[in-house]
Amino acid sequence: SVYLFRQSVSQGWIAGICILAAIGICFVFRQRILLALGRLLKVPTVGNKAWLTFWLIFGLVLRMAWAWRFPVTLKSDHLAYFQFATTMSHWQTGTGAYWPPGFSLFLAPFFMVFGAHQWVAQLCALLFFVATYLLTYALAKRIQGGLTSRIAPMLISIWPGYFTLAGINCKEAYLAVLVPAAVLLYLKAFDGGSPPGSGLRRSSDSGALGAGTRFRLGFLIGAGLCMGLAALTQPGYMLFPAVILAVEMLRGSSVLRAIGRTAVFSIAVVAAISPWTCRNYLVFHRIVLISTNGGDVFYRANNPLADANYSAEGEIPLPKDEFAADKLGYKLAEDWIEHHPIDFGELMVKKQVVFLGDDALGAYETLKRDLNPSVAFYASVKGISNLFWLALWTVLLFGFPLLFRRSDWRLWYGLLFLPLVYQWAIDSLFESGPRHHVPYIALIGVLVSMVLSSAVQCSDLPAQ
């Protein structure tokens with residue numbers, strides 16, 4: 001994070017060594033730390049309904065206050081999706097196929113009703129927060145319940161790197177709804193309605209995911225449709241069925257059953273994107289599944305000038321024609337990777353640093369881009385965002401051994417952690433950015449909450 005902020009390798013190493021030393025000291029006292037955090041957040045005197053209502057209102061007020069205090073002028077991708085949605089709201093189809101349409105398709109009906117105003121996009125951002133908050137609670141309750149379902153939504157409410165995105169028309173906030181929705185629906189497909197925790201750990205057929213009752217195909221199709229909408233917004237999710245297959249194998253499904261359920265999920269994904277594919281064929285008379293920006297993005301992320309951050313173009317400018325640029329971009333990038341494997345490997349590591357090394361996109365977009373804040377103020381907001389992010393991962397580091405002691409570890413590992421690994425792999429190859437982990441905040445929040453909840457229930461961590 002320091003390296004990304006200061007562009008200094010030496011300062012990055014110094015900060016990294018200091019943080020590792022601090023984490024090492026905390027690791028010695030990890031049992032007491034996790035237990036104290038869990039008990040602090042338990043708040044036994046507050047009712048569950050009052051707790052959830054308070055943090056929901058708190059999160060809404062926090063986001064409205066931030067967007068009002070630090071108004072922004074939309075730029076870059078945020079402006080492009082806003083303009084795309086405006087065009088759609090006027091029933092115009094000549095918008096090309098470069099931009100994925102999912103986010104703009106969601107905004108367009110609101111623009112039709114209220115007009116294409118930035119406050120309408122900000123209203124949608126508040127709706128995204130409410131949906132993500134409720135989905136986080138539902139997912140936490142379904143997986144473990146109890147203290148986990150109290151802590152997880154609270155984390156979503158106060159997450160600095162998330163609430164500072166409220167005013168910038170960020171498509172990742174929309175994805176932060178679709179990803180946990182797909183995960184929750186997939187989980188419900190294996191649960192015949194039993195209470196949380198009553199059936200998640202038994203049944204020889206369904207393993208860690210099983211409820212021992214019946215498999216409900218409708219929920220699996222719903223999960224696939226949600227992921228299809230996510231793919232319309234970020235085409236990289238078209239490969240997400242690989243995660244579903246991995247989860248099926250983790251839970252001990254037979255090969256045929258795993259392939260069959262993954263196929264159903266995949267068909268639902270295709271069904272969600274097929275109307276736009278048909279639109280592209282009718283307009284351009286060629287097959288374009290979602291968008292034509294893949295080759296451009298892939299080449300800008302893999303060329304001699306690439307440094308893991310966004311760049312306007314690669315070493316060789318691509319043609320203006322979006323279809324020619326898409327085809328040529330893939331070819332140039334593949335050629336460079338084939339002839340420069342070592343450079344490509346080093347670039348992959350840098351992309352991984354960019355993906356997970358920063359959680360202060362909101363601070364940059366609302367402060368650095370539009371305003372001229374003091375160095376101290378901007379650094380403070382950025383630092384708070386990244387310290388919160390680092391604290392979450394530190395808790396996970398301390399608590400992963402505790403979680404692996406659970407009999408249903410395949411459940412949380414497959415549904416909560418593997419999706420993040422999937423995005424990490426995608427960002428290692430394509431264009432990376434800190435905004436790409438935003439869609440997984442609900443999953444990370446549930447994981448952290450499970451650690452703190454488990455620490456309260458178990459006074460000892462396993463021997464390391």
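Reader: What is the relative accessible area of Lys-331?
Author: This is a predicted model: local features need pLDDT of at least 70, side-chain atom pairs count only at pLDDT 80 or more, and totals for chains, interfaces and linings use all residues. Residues are numbered from 1 along each chain as its sequence is written, and side-chain values use heavy atoms, with hydrogens and water left out. Buried means under 20% relative accessible area, exposed means over 50%, and partly exposed lies in between (1.4 Å probe, protein chains only). Lys-331 is partly exposed, and its relative accessible area is 47%.

Reader: Which residue forms a salt bridge with Lys-331?
Author: A salt bridge here is a side-chain nitrogen of Lys or Arg within 4 Å of a carboxyl oxygen of Asp or Glu. The closest N and O atoms of this pair are 3.1 Å apart. The partner is partly exposed, at 29% relative accessibility. The partner of Lys-331 is Asp-335.

Reader: How many residues apart are Lys-331 and Asp-335 in their helix?
Author: Helices are DSSP runs (H or I, at least four residues; strands are E, at least two), numbered from the N terminus. An α-helix has 3.6 residues a turn, so residues three or four places apart point the same way. Lys-331 and Asp-335 lie in α15 (residues 322-339), separated by about one helical turn, because their spacing in residues is 4.

Reader: Which residue in helix α14 forms a salt bridge with Asp-296?
Author: Both partners lie in α14, 4 residues apart, about one turn of the helix. Asp-296 is buried at 14% relative accessibility. Its partner is buried too, at 6%. The closest N and O atoms are 3.1 Å apart, and the partner is Arg-300.

Reader: How many residues apart are Asp-358 and Lys-382?
Author: Asp-358 and Lys-382 form a salt bridge, with the closest N and O atoms 3.0 Å apart. The pair links distant parts of the chain: Asp-358 sits in the loop between α16 (341-356) and α17 (361-368), and Lys-382 sits in helix α18 (residues 375-403). Both residues are buried. Along the chain, their separation in residues is 24.

Reader: Which residues are joined into one network by salt bridges that share partners?
Author: A search of the whole structure finds 8 salt bridges. Some share partners, and these join five named residues into one network: Glu-172, Asp-296, Arg-300, Glu-431 and Arg-435.

Reader: What is the area of the nonpolar surface patch that includes Met-112?
Author: Patches are made of residues with over 30% relative accessible area and no salt bridge; like charges are joined within 9 Å, and nonpolar side chains (Val, Leu, Ile, Met, Phe, Trp, Tyr) within 5 Å. Met-112 lies in helix α6 and is partly exposed at 38%. Helices α6 (102-114) and α7 (118-143) each supply at least two residues of the patch. With Trp-91, Val-113, Phe-114, Trp-119, Leu-123 and Leu-127 also taking part, the patch covers about 770 Å².

Reader: Which helix gives the most to the lining of the largest cavity?
Author: On a 1 Å grid over the protein atoms alone, a cavity is a set of points where a 1.4 Å probe fits but cannot get out, and lining residues have an atom within 4 Å of a point. There are 5 cavities of 30 Å³ or more, and the largest holds about 60 Å³. Its lining is Arg-63, Ala-125, Leu-126, Phe-129, Tyr-162, Leu-165, Ala-166 and Ala-173. With 3 residues, the top contributor is α7.

Reader: How many residues of helix α8 are buried?
Author: Helix α8 spans residues 148-158 and is mostly covered. Its buried residues include Arg-150, Ile-151 and Pro-153. Of its 11 residues, the buried count is 10.

Reader: Is Asn-169 buried or exposed?
Author: Asn-169 is found in the loop between α9 (160-163) and α10 (171-188). Its phi is near 60 degrees, a positive value in a residue other than glycine. Its relative accessible area is 5%, so Asn-169 is buried.

Reader: Is His-285 buried or exposed?
Author: His-285 also has a positive phi of about 60 degrees, although it is not a glycine. Its place is in the loop between α13 (255-284) and α14 (294-301). At 63% relative accessibility, His-285 counts as exposed.

Reader: What separates the C-alpha atoms of His-117 and Thr-86?
Author: His-117 lies in the loop between α6 and α7. It is partly exposed, at 39%. His-117 and Thr-86 are 31 residues apart along the chain, and their C-alpha atoms are separated by 9.1 Å.

Definitions and conventions
Accessible areas come from the Shrake-Rupley method with a 1.4 Å probe; for residues, only the protein chains shown count as cover. On a 1 Å grid over the protein atoms alone, a cavity is a set of points where a 1.4 Å probe fits but cannot get out, and a pocket is an open set with protein on both sides within 12 Å along at least five of seven lines; lining residues have an atom within 4 Å of a point. Grid points are joined across faces, edges and corners, and a volume is the space filled by probe spheres set on the points.
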